[in-house]
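The exercises below ask the reader to work through the fold of a single protein chain, from its sheet to the packing of its helices. Each task is followed by a solution that goes step by step.

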Amino acid sequence: MAALIGEKHMTQDTHHDVLVVGASGAIGQALVNQALAHLPSEARLIRMARNPKSLPRLTTAHQIIDLAMDFSDSAQVPMLFNQAHQDWSAATGLEQPLAHLGQIWIATGLLHDAELQPEKRHQALSAQALQRSFSVNAIGPSLLLSQILAVLPRRIMLKIGVLSARVGSISDNRMGGWYSYRASKAALNMLLKTLAIELARTHPNITLLGMQPGTTQSALSAPFSRHVAPDALQSPEFTAQHLYQVLQQCQPSDSGKLLDFMGEFFEP
C-alpha cells in the first residue's frame, strides 16, 4: 500500500499535551525530543518509565511531568495508573489532565534480558518466558490504554501510536523462531484492532495505530545488530522522526491498522 510520508496535509497537534510511555528507552527518548521540537511552550510533556527518577533532565520551556509505569507486572497497571493520574493532576492543577492530551506514544517492548532470550526452537519455550513477553508487550499496554480511555472525553481528538513489530504479523512469518516475542506482538496487534473497532463507536475522533519502528540502535536490537547491514540499522532519532511524521498524517479511519516507520501499511 502507498506510503503516507510525503503527503502534503498533516494534522497539527499544537496546543495539546503529549504522553510518552517507555520514555527511558532509546526510541522513547527520541520521541520525547520529537515532541519537544514540535510542541508550543505552553504544552506539557508527560514521561512514564519504570524508574522516572532515572530519566534524563531536560532543558526546555515546557512543563515536564515524570510518572511511574511498569508493565513487568501487568496486574499492577491499574494501581500504578491511579497513582500516576493523581500525581499528574497535582502537577498541573487540572482535575482531568488527560483531557488535554493530543498524542500518546507507547514505546515499550521486551525481546530479551538477563533471563529471557528469543527462542530459536520449540524446546526453548517456557511458561515464564511467554508470560513475561505477553505481560510487557501486550497486556500492560492494553490495560494502560483501557485505564486512560475510561476517563477521556468521548469527543477528544487524540492520536495514539503503539510500537509493535512486523515479526508479530502472522501472515508475514516465514522464518519462525522468536516464539514469545512474535506471539505477544501478534496479540498486541489483535488487541489494538479490537480496541479501534470499539473506539469508532465510543471515541470516534481517536486514531489508534500499531507502528513498526524498524531495526533501530537500542538495547533491544543490540545482540542482533551484527547481522544487520550498516545502512539498514537506524538511529533512534531517525526512527522517531519518521514515526512522528506518520502518526500526524493518519486519521481515525486508519485506526486499528499496522504501519511501519515509512508509513507503509502491513498485514497482521
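Two strands are taken to pair if DSSP finds at least two bridges between them. The model is a predicted one, and the tasks should be read with that in mind.

**Exercise 1. Establish the order of the strands in the sheet, and say which strands stand at the edges.**

Step 1. Eight strands make up an open sheet, in which the order is β3-β2-β1-β4-β5-β6-β7-β8 and the pairing is mixed.
Step 2. The edges are held by β3 (63–68) and β8 (265–266), each of which has a single partner strand, so one side of each lacks a neighbour in the sheet.
Step 3. At the β3 edge, strand β2 (residues 44–49) runs parallel to β3 and is joined to it by six bridges; within this pair, methionine 48 lies opposite leucine 67 of β3.

**Exercise 2. Determine which strands are touched by helix α3 and by helix α4.**

Step 1. Helix α3 (residues 127–149) packs on the sheet and touches β1 (17–21), β2, β4 (101–106), β5 (158–163) and β6 (206–212), while its direction makes about 165° with that of β4.
Step 2. Helix α4 (residues 179–202) also packs on the sheet, where it touches β5, β6 and β7 (258–260), and its direction makes about 165° with that of β6.

**Exercise 3. Decide whether threonine 207 is buried or exposed, and list its contacts beyond its neighbours within four places in sequence.**

Step 1. Threonine 207 belongs to strand β6.
Step 2. Its relative accessibility is 1%, and since residues under 20% are classed as buried, threonine 207 counts as buried.
Step 3. With neighbours within four places in sequence left aside, threonine 207 is in contact with Leu158, Lys159, Ile160, Cys250, Gln251, Pro252 and Ser255.

**Exercise 4. Describe how α3 crosses α4, and how α2 crosses α3.**

Step 1. The axes of α3 and α4 come within 8 Å and cross at roughly 15°; because angles under 35 degrees count as roughly parallel, α3 is roughly parallel to α4.
Step 2. This crossing of α3 and α4 is right-handed, and the residues that meet include Phe134 and Leu145 in α3 and Tyr181 and Leu188 in α4. By class, the contact of α3 with α4 has 15 nonpolar, five polar and one charged residues.
Step 3. The axes of helix α2 (residues 77–92) and α3 come within 9 Å and cross at roughly 45°, which makes α2 oblique to α3.
Step 4. The crossing of α2 and α3 is right-handed; Val77, Pro78, Phe81 and Asn82 of α2 make the contact with Gly140, Leu143, Leu144, Gln147 and Ile148 of α3, and the residues of this contact divide into six nonpolar, three polar and no charged.

Notes:
Residues are numbered from 1 along each chain as its sequence is written. This is a predicted model: local features need pLDDT of at least 70, side-chain atom pairs count only at pLDDT 80 or more; totals for chains, interfaces and linings use all residues. Side-chain values use heavy atoms; hydrogens and water are left out. Helices (H or I, at least four residues) and strands (E, at least two) are DSSP runs, numbered from the N terminus. Contact means heavy atoms within 4.5 Å. Axes are lines fitted to C-alpha atoms, for helices over the stretch in contact, and angles run from 0 to 180 degrees between N-to-C directions. Buried means under 20% relative accessible area, exposed over 50%, partly exposed in between (1.4 Å probe, protein chains only). Angles under 35 degrees count as roughly parallel, over 145 as roughly antiparallel, 65 to 115 as roughly perpendicular and the rest as oblique. A crossing is left-handed if the near helix is turned anticlockwise from the far one by less than a right angle, and right-handed if clockwise. Ala, Val, Leu, Ile, Met, Phe, Trp, Tyr, Cys and Pro count as nonpolar, Asp, Glu, Lys and Arg as charged, and the others, Gly among them, as polar.
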